Amino acid sequence: MAKKRDSMPHKNQIIPILVFYLLITALSAWRVWHAASQFLPGLVLPWYAAGCCVLSLSLPLGYLLPKTRIAKGFEIIGNYWYSLQFMLVFAALFEWLVDVVVVCLLRLPLQKQMSVFSLVIFVVAAAGFLYGAVHTRKIKIREYDCPVAKPLPTGETLRIVHLSDIHLSSINDLHTVQKIVSKVNALSAEYICITGDMFTETTHEVFEMAAISAAFRDLKSKYGVYACLGNHDAGEDLPEMKRFFQESGITLLEDESVVQEGVFLLGRTDMTPGGDTGHNRPSVAACLKDASPNQLIVVMDHQPGDIENCAKAGTDILLSGHTHGGQFFPLNRLIHRVFPHYCGCKKFGEMYSIVSPGTSPIPYIRAIGDSEIIVVNVQSQARG
């Protein structure tokens with residue numbers, strides 16, 4: 001018997017999501033039609049529009065149906081269609097702007113050349129989508145060596161595995177989690193740290209919740225698996241999300257810390273949970289008031305927006321995610337303006353800031369960078 005959805009998006013979420021979805025779909029569909037119709041005279045507008053509508057409806061239809069393989073299939077098609085629209089809309093905005101300037105403002109007689117230009121723009125965008133959809137599924141291991149002048153519980157090296165932005169869904173499903181767990185367990189971690197966005201606002205798109213929870217319980221590390229919440233781990237389903245962490249054997253830290261054999265690990269609440277820019281969380285200095293200068297201080301904070309304060313407070317290792325490494329142009333340039341350090345490892349004073357590009361992010365395309373599991377090799381240079 002088909003299982004009913006455990007949760008559905010709240011009406012306050014549905015309206016802005018649908019409006020945004022319809023706007024980007026309409027804009028990209030219009031501009032692609034404008035370009036393709038110049039070279040495909042046999043392309044019939046009603047059939048083209050009907051095809052776009054059917055593909056656009058697959059995602060909301062998958063949301064509304066009971067949890068079955070059919071619903072999951074609709075959501076997979078819809079999620080990839082939405083990801084394609086997300087990429088095409090940037091191409092459409094650029095193509096439309098150039099078309100307006102050249103044809104309408106400058107009135108240059110370049111109609112044929114503009115038609116070719118428009119077609120090339122969308123072909124490149126579509127090719128980028130196809131590459132990105134395949135490339136984002138390939139999860140790579142990246143290692144950073146971080147020497148510190150503090151003693152470590154394991155001797156000369158402490159190995160931390162850093163995951164972020166898993167975004168469980170119809171695509172980032174049980175198979176994806178099993179692949180992540182298998183890769184992580186081969187890394188012999190002392191700590192496993194998950195820096196937010198396990199979900200995306202709701203749990204309704206996660207079809208194998210119990211099996212995924214069981215898969216996470218198979219994660220192996222010496223001192224445990226820890227997580228902080230991301231901006232998407234919020235909303236009406238937050239209690240269910242928290243139960244998932246508990247049932248998965250993951251210790252969730254919300255402006256809380258644990259201390260084990262000389263390591264002080266802090267997990268922060270997100271800066272803007274669910275888009276709430278008025279969220280008031282304690283300062284990192286207040287959260288670290290009980291930490292000893294001799295302890296290795298590791299902070300998990302989903303967004304890399306509090307780097308300077310973390311460094312001033314005495315943090316040794318700051319683990320973040322959120323940015324997805326940009327994923328594709330021009331999104332990477334926009335993200336870089338918001339978060340100057342948006343990917344990789346960079347030193348701020350005595351602190352290492354490590355920003356993950358995401359382990360399995362959304363949208364489901366990555367034309368820039370890699371989906372990563374990060375290994376942080378903390379090396380003691382303390383002189384005894």
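The questions and answers below walk through two sheets, three helices and one pocket of a predicted model.

User: How are residues numbered, and which pLDDT values apply in this predicted model?

Analyst: Numbering starts from 1 along each chain as its sequence is written, and side-chain values use heavy atoms, with hydrogens and water left out. In this predicted model, totals for chains, interfaces and linings use all residues, local features need pLDDT of at least 70, and side-chain atom pairs count only at pLDDT 80 or more.

User: Which strands stand at the edges of the open sheet with the order β1-β12-β2-β3-β4-β5?

Analyst: Strands here are DSSP runs of E, at least two residues, and helices are runs of H or I, at least four residues, numbered from the N terminus. Two strands pair if DSSP finds at least two bridges between them. This sheet has six strands with mixed pairing. Two strands have a single partner each, so one side of each lacks a neighbour in the sheet: β1 (139–148) and β5 (251–252).

User: In which sense do β3 and β4 pair, and what stands opposite Ile 192?

Analyst: Strands of a sheet pair through backbone hydrogen bonds, either parallel or antiparallel. β3 (residues 191–195) and β4 (residues 225–228) pair over four bridges, in the parallel sense. Opposite Ile 192, in β4, stands Val 225.

User: Which strands does helix α5 lie across, and at what angle does α5 run to β1?

Analyst: Axes are lines fitted to C-alpha atoms, for helices over the stretch in contact, and angles run from 0 to 180 degrees between N-to-C directions. Helix α5 (residues 174–185) lies across β1, β2 (157–163), β3 and β12 (371–380). Its angle to β1 is about 40°.

User: Are α5 and α6 roughly parallel or oblique to each other?

Analyst: Angles under 35 degrees count as roughly parallel, over 145 as roughly antiparallel, 65 to 115 as roughly perpendicular and the rest as oblique. The axes of α5 and α6 are 9 Å apart, at an angle of about 0°. Leu 174, Val 177, Gln 178 and Val 181 of α5 meet Ala 211, Ile 212, Ala 215 and Phe 216 of α6, where contact means heavy atoms within 4.5 Å. The two helices are therefore roughly parallel.

User: At what angle do α6 and α7 cross, and which residues make the contact?

Analyst: The axes of α6 (residues 209–216) and α7 (residues 238–247) come within 8 Å and cross at roughly 40°. α6 and α7 are therefore oblique to each other. The contact is made by Met 209, Ile 212, Ser 213 and Phe 216 of α6, with Glu 240, Phe 244 and Glu 247 of α7.

User: Which strands are the edge strands of the open sheet with the order β6-β7-β8-β9-β11-β10?

Analyst: This sheet has six strands and mixed pairing. Neighbouring strands are turned by 15° against each other on average, direction ignored. Two strands pair on one side only: β6 (256–260) and β10 (344–348).

User: Which residue stands opposite Ser 257 in β7?

Analyst: β6 and β7 (residues 263–267) pair over five bridges in the antiparallel sense. The residue opposite Ser 257 is Leu 266.

User: Which residue takes a positive phi in the hairpin of β10 and β11?

Analyst: β10 and β11 (residues 351–355) run antiparallel, joined by five bridges. Lys 347 has Tyr 352 as its bridge partner in β11. The hairpin has two residues between the strands, and a positive phi near 65° belongs to Gly 349.
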